[in-house]
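Morning, everyone. One structure today, and I'll keep it short. Have a look at it first.

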Amino acid sequence: MTGPEALAALARDAANCIRCPLYRDATQTVFGEGAADAPLMLVGEQPGDQEDRKGHPFVGPAGGVLDRALEAAGIARGAVYVTNAVKHFKFERRGKRRLHKGPNAGEIAACRWWLDRELALVRPSLVVALGASAAHALLGRAVTISRTRGRVMEASGDVRLLVTTHPSAILRVPDAEARAKAFDALVADLVVAREVA
Ligand code: URA
């Protein structure tokens, strides 16, 4: 099997995943996508509302921020592999709205099974953890983004890792100037990632 075929087979298996209870309420598994031989793998937290409906990672508002940051960093989205630490949307219902709930350590650990297989097939030169949940999944422990971001670290399984902020965190910054700064900091981390990968 070629790399793309093996990833497609893995995605088909993941569509039936029941490794943790999150499959019960989510619409579908949102598996990773992108270049099977990508030097750079980006790992987010979990699909959001739109990703859950559409079945693709980072296609909602956070995906818009990520796309703009990748472009500003000189990285083509088609050249990277984009996935999430957790493959099902976790939420709580408030009337008609589905509000994002962060995954817990057990859900992150259960889903690491899929991430390990994606890492083994893509074999990226560098993995970028977008936010604390992805960093937790890849390092096996909780870290503070501000203390770890922007430098290359060693993670388990021979993985070189760079931690940065999650695009959603940028959307939550209320002040426009501070938001622009946070965006620039994400771009700066992605430039480091591009150069290292
Ligand atoms: N946030 C994530 O972490 N992943 C997505 O796919 C979308 C939003």
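I'll go through the sheet, the helices and then the ligand site. One caution before that: this is a predicted model.

Start with the annotation. UniProt, in an unreviewed entry, puts a "domain: Uracil-DNA glycosylase-like" feature at residues 31–187. That span is 41% helix and 22% strand. Its end C-alpha atoms lie 25 Å apart.

Now the sheet. It is open, with six strands and mixed pairing. Read across, the order is β1-β3-β2-β6-β8-β7. Why do β1 and β7 each have one side without a neighbour in the sheet? They stand at the edges, and each has a single partner strand, so one side is left free of a neighbour. For reference, β1 is 33–34 and β7 is 152–155.

Take the β1 edge. β1 pairs with β3, residues 81–84, in the antiparallel sense. Two bridges hold that pairing. Glu33 has Val82 in β3 as its bridge partner.

Over to the β7 edge. β7 and β8 run antiparallel, joined by four bridges. Ala155 is bridged to Val159 in β8. The two strands form a hairpin, with three residues between them. Look at Gly157 in that turn: phi is positive, about 75°.

Next, the helices on the sheet. Helix α4, residues 105–122, lies across β2, β3 and β8. It runs at about 170° to β3. Helix α8, residues 176–196, lies across β2, β6, β7 and β8. Its angle to β8 is about 165°. Note that β2 and β8 appear under both α4 and α8.

Then there is α5, residues 132–139. Is this helix mostly covered or mostly open? Mostly covered: seven of its eight residues are buried. Those are Ala132, Ser133, Ala134, Ala135, His136, Ala137 and Leu138. What covers them? The list includes strands β2, β6, β7 and β8, plus helices α4 and α6. Just after α5 comes Gly140, again with a positive phi, near 75°.

Last, the ligand. How many residues surround it? The shell has 13. The closest are Gly44, Glu45, Gly48, Pro57 and Ala62. By class, the shell divides into seven polar, four nonpolar and two charged residues.

To recap: an open six-stranded sheet, α4 and α8 lying across strands of it, a mostly covered α5, and a ligand with 13 residues around it. Thanks. Questions?

Conventions: Residues numbered from 1 in each chain as written. Predicted model: local features only at pLDDT ≥ 70, side-chain atom pairs only at ≥ 80, totals over all residues. Near = placed C-beta within 6 Å. Nonpolar A, V, L, I, M, F, W, Y, C, P; charged D, E, K, R; others polar. Pairing = 2+ DSSP bridges. Contact = placed C-beta atoms within 7 Å. Axes fitted to C-alpha atoms, helices over the stretch in contact; angles between N-to-C directions. UniProt positions renumbered as here; feature names shortened; annotations may be inferred. Buried ≥ 20, exposed ≤ 12 C-beta atoms within 10 Å, placed from the backbone.
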